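Load the model in your viewer and keep the sequence panel open beside it. The tour below goes from one selection to the next.

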Amino acid sequence: MKTRNDHIPELLVKYLAGSAAAGDKETLLAWMDEDPANEREFFEIKAIHDNLSAGKFHHNTLKGWDKALAKRRKHNLGRTLRRAAGYAAVAIAGIFSAVYVQRGLDNKTPAIVRYVTGNGISAGMFELSDKSKVYVGSLTTFSCDERFGRRDRRVHLDGEAYFEVTGDPEKPFIVQAGGQDIEVLGTKFNVAAYSQDSVVVTTLLEGSVKLRFKDIGRSFTLAPNQQYIYNHTSGTGTLKRVNASSVVSWIDGYYFFRDERLGSIIHQLENMYAIKADMSASKYMDISFTGTFYRGQSVSEILDILSTAAPIKYTLKDDTVTILDRK
């Protein structure tokens, strides 16, 4: 039975405010499950809500949001959006479905014993022979060989992955990525190390990790909610304190940004959607943005939202995006 739409705006306001009752949440989730368009709509409103709550832009943002949302709205949620501005948002977890992979890298102990596919929104997951889990991002190559689990547990990464490592003091877990080794015993952490990028970003959720840098011969240890950005071109690094759970929101199918440079967000879209972005003609790439994007959104839908939040416009041809300033 289809969910009545006339009270959905009120439920959205309650949900974003954190005041929805259990029954309200079930109704809202049922509405989202009925149609992918409903789910996309929720995350669009959430992205707009986050941005307005942050109060970062002084342009005519609300007018721009209305234009962007009018393209796809079957019912008017403009008043809902305005009522929701300033409220706290709630994350929604993705659902995985299991698919077993017949791939033995070692006759006795296969390194990869199970692969859990994403649902097109959530990330896919490798389960290794030691019960560690590795969630892989877009355009990512993850590998390990038959020596995994003998003296140590060594894996290789080109791209982004989130790790939940099973503890084993006698066999350290080592991630080789972007010119550095990340050594752990048992922990949860995220690594973004695309070969085409000059930086490797390591974020720790739980436990402790040691970063060893091959080219400069030194090491560094992270604590929970710390992020280390290492530039392997210059050999320099920056330590930041972050909300680590937000950094790994991508495994559940959404991308959360808080006070993020517009240029940095567009660069991440390059990896997410396998596109090339030319931002050289815009002077607004240092503007800060706060918001959430849903993986089910197309790149043009995300760029539409960004272009209403900042004085920019874009052209999209094949797999190339050109960012221009709006006059």
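What follows is a list of stops, each with something to select and a note on what is there. The model is a predicted one, and residues are numbered from 1 along each chain as its sequence is written.

**Stop 1: strands E3 and E4**

Select residues 124-128, which form strand E3. This strand is mostly covered, with 5 of its 5 residues buried. Show the side chains: Gly 124, Phe 126 and Leu 128 point one way, while Met 125 and Glu 127 point the other way. Buried residues are thus found on both faces, because buried here means under 20% relative accessible area and each of these five residues is listed as buried.

Now add residues 133-136, strand E4, which pairs with E3 in the antiparallel sense over 4 bridges. Gly 124 stands opposite Val 136 of E4. The hairpin has 4 residues between the two strands, and Lys 131 takes a positive phi near 80° in it.

**Stop 2: strands E7, E8 and E11**

Move to residues 180-184, strand E8. E8 is largely enclosed by the rest of the structure, because 4 of its 5 residues are buried. Add strand E7, residues 173-177, which runs antiparallel to E8 and is joined to it by 5 bridges. Phe 173 stands opposite Val 184 in E8. There are 2 residues between the strands of this hairpin, and Gly 178 has a positive phi near 55°.

Next add residues 209-213, strand E11, which pairs with E8 in the antiparallel sense over 5 bridges. The bridge partner of Val 184 in E11 is Val 209.

**Stop 3: Thr 202**

Select Thr 202, in strand E10 (residues 199-206). Is this residue buried or exposed? Thr 202 is buried, with a relative accessible area of 0%. Its side chain makes a polar contact of 3.1 Å with the side chain of Gln 180. Leaving out residues up to four places away in sequence, Thr 202 also touches others, including Ile 182, Asn 190, Leu 211, Leu 222 and Tyr 228.

**Stop 4: the largest pocket**

To find the largest pocket, select Val 201, Gln 227, Glu 260, Ser 264 and Gln 268, which lie nearest its centre among 34 lining residues. The space in this pocket is about 1100 Å³.

Which strand gives the most to the lining? Strand E15 does, with 7 residues; select residues 254-261 to see this strand. Other elements that supply at least two lining residues each include E10, strand E13 (226-231), strand E14 (236-241) and helix H7 (262-273).

**Stop 5: the sheet of E16, E19 and E18**

Finish with an open sheet of 3 strands, in the order E16-E19-E18 and with mixed pairing. Strand E16 (276-278) and strand E18 (312-317) are the edge strands, each pairing on one side only. Neighbouring strands are turned by 20° against each other on average, direction ignored.

Select E18 together with strand E19, residues 320-325: the two pair in the antiparallel sense over 6 bridges. Leu 316 stands opposite Val 321 in E19. Then add residues 299-309, helix H8, which packs on the sheet and touches E18 and E19. The direction of H8 makes about 165° with that of E18.

Terms used: This is a predicted model: local features need pLDDT of at least 70, side-chain atom pairs count only at pLDDT 80 or more; totals for chains, interfaces and linings use all residues. Side-chain values use heavy atoms; hydrogens and water are left out. Two strands pair if DSSP finds at least two bridges between them. Axes are lines fitted to C-alpha atoms, for helices over the stretch in contact, and angles run from 0 to 180 degrees between N-to-C directions. Contact means heavy atoms within 4.5 Å. Buried means under 20% relative accessible area, exposed over 50%, partly exposed in between (1.4 Å probe, protein chains only). A polar contact is a pair of N or O atoms within 3.5 Å; within protein, one must be able to donate a hydrogen and the other to accept it, and residues adjacent in sequence count only if both atoms are side-chain atoms. On a 1 Å grid over the protein atoms alone, a cavity is a set of points where a 1.4 Å probe fits but cannot get out, and a pocket is an open set with protein on both sides within 12 Å along at least five of seven lines; lining residues have an atom within 4 Å of a point. Grid points are joined across faces, edges and corners, and a volume is the space filled by probe spheres set on the points.
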